[in-house]
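Dear colleague,

Please find below the structure I promised to pass on to you. My notes on its nonpolar cores and charged pairs follow.

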Amino acid sequence: AIDGTIWVPMVGRLVVEGLTERQIESLIEQRLSTFYRIRVDLTVRILNTGGKVFFVYGEVTVKGLQFLTRGDLTLLDVIAIARPTPVANLGKVRVIRSDPKRPLTILCNVREHVEKGFSSHNINIKEDDIIYVPPTFLGTLGNFLARLVYPFQSLIQTLFGVASLGW
């Protein structure tokens with residue numbers, strides 16, 4: 001509900017605002033254990049019904065506005081969805097928590113999580129978060145050269161086209 005509660009048969013209303021899916025599961029299982037002698041197996045999914053979004057930019061294939069479909073979406077989930085390019089610097093991913101007065105920037109090393117299993121940087125993504133995946137040094141150099149050559153790109157293509165006709 002809008003007040004951060006859910007209704008469970010036999011238990012009633014439970015306050016679940018701010019809890020992850022796993023925490024809600026354990027809370028419901030704990031409350032239902034007073035009514036049932038056997039363990040109740042259940043699965044909780046938080047669905048996006050309010051149109052909550054986050055944003056992904058930088059060296060990724062899928063850029064821009066993304067819908068926050070689950071309540072416990074993590075940074076690693078976002079990186080998998082966004083599909084980083086070959087020049088993405090996964091060691092310096094920034095998660096920016098938007099705030100008009102005090103924006104918070106969190107520097108995350110996703111590469112360390114993937115290669116070594118350190119999950120301390122695998123933070124939960126919240127509504128209106130901005131995830132920026134910067135390029136590596138070579139990616140920055142390549143982007144600079146692409147912008148430098150861009151005004152002359154059509155001229156060079158024309159010259160190569162004329163030269164190929166001569167052959």
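A salt bridge is counted here when a side-chain nitrogen of Lys or Arg lies within 4 Å of a carboxyl oxygen of Asp or Glu. By this rule there are 3 salt bridges in the structure. Please bear in mind that this is a predicted model.

**Salt bridges**

One of the salt bridges joins Arg45 and Glu21, whose closest N and O atoms are 2.4 Å apart. The pair connects distant parts of the chain, 24 residues apart: Glu21 belongs to helix α1 (21-32), while Arg45 sits in the loop between α1 and β3. Are the two partners buried or exposed? Arg45 counts as exposed, because its relative accessibility is 55% and the cut-off for exposed is over 50%. Glu21 has a relative accessible area of 2% and is therefore buried, since buried means under 20%.

Another salt bridge brings together the side chains of Asp129 and Arg97, at 2.8 Å from N to O. Asp129 is part of strand β7 and Arg97 of strand β5, so this salt bridge ties together parts that are 32 residues apart in sequence. Here both residues, Asp129 and Arg97, are buried.

A further salt bridge is formed by Arg111 and Glu115, with the closest N and O atoms 4.0 Å apart. Both residues lie in helix α3 (residues 110-116); they are 4 residues apart, which is about one turn of the helix. Arg111 is partly exposed, at a relative accessible area of 32%, whereas Glu115 counts as exposed at 59%.

**The surroundings of Glu21**

Glu21 merits a separate note. The 2.4 Å approach between its side chain and that of Arg45 also registers as a polar contact. Which residues does Glu21 contact, leaving aside its neighbours within four places in sequence? They are Val44, Arg45, Ile46, Arg70, Gly71 and Asp72.

Thr43 is likewise found in the loop between α1 and β3. With a relative accessible area of 62%, Thr43 is exposed. The C-alpha atoms of Thr43 and Leu68 are separated by 19 Å, and these two residues are 25 residues apart along the chain.

**Nonpolar cores**

In soluble globular proteins, nonpolar side chains tend to be buried together. In this model, the largest nonpolar core has 19 residues, and the members that touch the most others are Phe54, Leu75, Val93, Ile131 and Val133. Which elements give two or more residues to this core? They are β3 (53-58), α2 (75-82), β5 (93-97) and β7 (129-133). Helix α2 supplies the largest share, with 4 residues.

Val93 illustrates how this core is connected. Not counting residues up to four places away in sequence, Val93 touches Leu75, Ile79, Ile106, Leu107, Cys108, Val110, Ile131, Tyr132, Val133 and Pro134. Apart from the largest core lies another one, of 9 residues, with Val8, Ile24, Leu27 and Val44 among them.

Two elements appear under both headings. Strands β5 and β7 each give two or more residues to the largest core, and the buried salt-bridge partners Arg97 and Asp129 lie in β5 and β7 respectively. Val44, a member of the core of 9 residues, is also one of the residues in contact with Glu21.

With kind regards

Note on methods:
Residues numbered from 1 in each chain as written. Predicted model: local features only at pLDDT ≥ 70, side-chain atom pairs only at ≥ 80, totals over all residues. Heavy atoms only, no water. Core = buried A, V, L, I, M, F, W, Y, C linked by side-chain atoms within 4.5 Å. Buried < 20%, exposed > 50% of the residue type's maximum accessible area, 1.4 Å probe, protein only. Contact = heavy atoms within 4.5 Å. Polar contact = N/O pair within 3.5 Å; in protein donor to acceptor, adjacent residues only side chain to side chain.
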